Amino acid sequence: MKVKKLIELLSQMNPELLVVVAGYEGGVDEIDKFEMCDIELNVNTAWYYGKHEILAEGDKPTNKDSTIVRGVRLIGDWS
């Protein structure tokens, strides 16, 4: 989802609603912060992984033909 679409959806909601992310082993945590990141698209095919990967500073893509985009990672207390 792009920021534009997220803003559009969130602007229709009560601004006092709590925003959460999945907890480490269960439950949920409030969004604590966010960070800008580089995301390598469509690198994971196993059902139990998210389909994209965040590239840490200095990491190289898994494939020279990978698509890398700039993104925003929402972070909970445990991340």
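This is a short dialogue about reading pockets, salt bridges and a surface patch in a predicted model.

Student: Where should I look for empty space, and what is the volume of the largest pocket?

Tutor: Rolling a probe the size of a water molecule over the atoms shows where empty space is left. Here the largest pocket has a volume of about 710 Å³. Its lining is made of 17 residues, and Met-1, Ile-39, Gly-71, Val-72 and Arg-73 lie nearest the centre.

Student: Which element gives the largest share of that lining?

Tutor: Strand β4 does, with six residues. By character, the lining residues divide into 11 nonpolar, two polar and four charged.

Student: How many salt bridges are there, and which residue pairs with Arg-73?

Tutor: A salt bridge needs a side-chain nitrogen of Lys or Arg within 4 Å of a carboxyl oxygen of Asp or Glu. By this rule there are four. Arg-73 pairs with Glu-35, their closest N and O atoms being 3.1 Å apart. That pair joins strand β4 to strand β2, across 38 residues of the chain. Another salt bridge brings together Arg-70 and Asp-38, at 3.2 Å from N to O; these two also link β4 with β2, 32 residues apart.

Student: Is Arg-70 buried or exposed?

Tutor: Exposed means over 50% relative accessible area. Arg-70 counts as exposed because its relative accessibility is 55%, whereas Asp-38, at 32%, is partly exposed.

Student: Which residues make the nonpolar surface patch?

Tutor: Val-3, Ile-7, Phe-34, Met-36, Val-72 and Leu-74 form this patch of about 580 Å². At least two patch residues come from each of α1, β2 and β4. Met-36, for example, sits in β2 and is partly exposed, at 45% relative accessible area.

How values were computed: Residues numbered from 1 in each chain as written. Predicted model: local features only at pLDDT ≥ 70, side-chain atom pairs only at ≥ 80, totals over all residues. Heavy atoms only, no water. Patch = residues over 30% accessible without salt bridge, like charges linked within 9 Å, V, L, I, M, F, W, Y side chains within 5 Å. Areas by Shrake-Rupley, 256 points an atom, 1.4 Å probe, with all protein chains shown as cover. Helix = DSSP H or I, 4+ residues; strand = E, 2+ residues; numbered from the N terminus. Buried < 20%, exposed > 50% of the residue type's maximum accessible area, 1.4 Å probe, protein only. 1 Å grid on protein atoms, 1.4 Å probe; cavity = no way out; pocket = protein on both sides within 12 Å on 5 of 7 lines; lining within 4 Å. Points joined across faces, edges and corners; volume = space filled by probe spheres on them. Nonpolar A, V, L, I, M, F, W, Y, C, P; charged D, E, K, R; others polar.
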